[in-house]
Amino acid sequence: MKVLHLDTNHPLLIEQLAAAGFDNETDYNSNQEEVENKIHIYDGIIIRSRIRIDEQFLRKATKLKFIGRVGAGLENINMEVAKELGIKLFNAPEGNRNAVGEQALGMLLSLFNNLNRADKEVRNGMWKREENRGLELEGKTVGIIGYGNMGKAFAKKLKGFDVDVLCYDIVGGVSDDNARQVGILEFKKKVDVVSLHTPQTPETMGMINKEFIDSFQKSFWFINTARGKSVVTSDLVEALKSGKILGAGLDVLEYEKASFENLFSDEMPKALRYLIASDNVLLTPHIAGWTIESKEKLAQTIVDKIKAEFS
């Protein structure tokens, strides 16, 4: 089987596929049109996010049997058309779930203890102890929206902090020893922290909006290591201004491009300017699943799934 790799990944991916008898080719630079013009000769493709796998692309890929997405989300692929054409889709949430869980915990601890702000102040000659008095996680209620691979990994990291962990998911029966599944009304009544771990789907687009935020009984801290377009940023900013949201850790932003690159290539939105200037907001460039270890785990997960299906 002839496989086209459209993004750089851990070398084990090509090495192990080659050892299993796959014919690998790489193309890390061609644009969408150039790839579409030759996609008909390949049986499989390996992607991250650079190329959009839409209906036009898929219908030109007349030999395509599988797509391996070295990451968790599949929003860059027209899944309905892929299913119609019998194309197998492989993703790898198992590969970076631990990294995401650790980042979510790190962001939360940093916000609770003012670590980012205090670091900047000390570097600028300010020694403010009382102003940076922190909060402890112990005794708080952490709410996780979306209890799949990523949500479960975050809950596992919280195990030793003596917190009550609640999860909300549209799928029933997902609770485990690390989190108790509840209905949305109980969730909104009790949580002190909301951590988002949902995929990008039509249902999750813009789900964190003014109406949703205002429906919580208490002010809360917000962590998003999922997808930026699930949050209406202008509504988030208004909640930060009013104190309904006490602080936010954002690894993803509404304004990201499909390839998660070049965020600052366009004129910066007003809401983003506010986030950048806020000392109770922690921003990172979509790196929650982006560790040395996860790079290898993601590649290995994709290799294992392809070999299990086609070897």
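**Exercise 1.** Is Lys244 buried or exposed, and which side chain of opposite charge is nearest?

*Solution.* The structure is a predicted model, in which local features need pLDDT of at least 70, side-chain atom pairs count only at pLDDT 80 or more, and totals for chains, interfaces and linings use all residues. Residues are numbered from 1 along each chain as its sequence is written, and side-chain values use heavy atoms, with hydrogens and water left out.

Step 1. Locate the residue: Lys244 lies in the loop between α10 and β11. Helices (H or I, at least four residues) and strands (E, at least two) are DSSP runs, numbered from the N terminus.

Step 2. Apply the accessibility classes: buried means under 20% relative accessible area, exposed over 50%, and partly exposed in between (1.4 Å probe, protein chains only). Lys244 is buried.

Step 3. Look for a partner of opposite charge. Lys and Arg count as positive and Asp and Glu as negative, while His and the chain ends are not counted. A salt bridge requires a side-chain nitrogen of Lys or Arg within 4 Å of a carboxyl oxygen of Asp or Glu. The nearest side chain of opposite charge is that of Asp214, 6.0 Å away, and Lys244 has no salt bridge.

Step 4. List the surroundings. Contact means heavy atoms within 4.5 Å. Leaving aside neighbours within four places in sequence, the contacts of Lys244 include Asp214, Phe216, Phe220 and Ala239.

**Exercise 2.** Describe the salt bridge between Lys88 and Glu309 and that between Lys241 and Glu238.

*Solution.*

Step 1. Recall the principle: side chains of opposite charge can pair when their charged atoms come close.

Step 2. Consider Lys88 and Glu309, whose side chains meet at 3.7 Å, N to O. This pair links distant parts of the chain, since Lys88 is in strand β5 (residues 88-90) and Glu309 is in helix α12 (residues 292-310), 221 residues apart. Lys88 has a relative accessible area of 37% and is therefore partly exposed; Glu309, with 39%, is also partly exposed.

Step 3. Consider Lys241 and Glu238, with an N to O distance of 3.6 Å. Because they stand 3 residues apart in helix α10, about one helical turn separates them. Lys241 is partly exposed at 48% relative accessibility, and Glu238 is partly exposed at 45%.

Step 4. Place these pairs in context: the count comes to 21 salt bridges. Lys2, Asp23 and Glu25 are linked in a network of such bridges.

**Exercise 3.** Which elements each supply at least two residues of the largest nonpolar core?

*Solution.*

Step 1. State the rule: a nonpolar core is a set of buried Ala, Val, Leu, Ile, Met, Phe, Trp, Tyr and Cys residues joined through side-chain atoms within 4.5 Å. The largest has 28 residues, and those with the most contacts inside it include Phe187, Val194 and Phe222.

Step 2. Name the elements: β9 (193-196), α9 (210-214), β10 (220-224), α10 (233-242), β11 (245-250) and α11 (270-277). Of these, α10 gives the most, with 4 residues.

Step 3. Examine one member: Val194 touches, among others, Phe187, Phe216 and Phe222, not counting residues up to four places away in sequence.

Step 4. Note the second, separate core, which has 22 residues, including Leu105, Ile144, Cys167 and Trp221.
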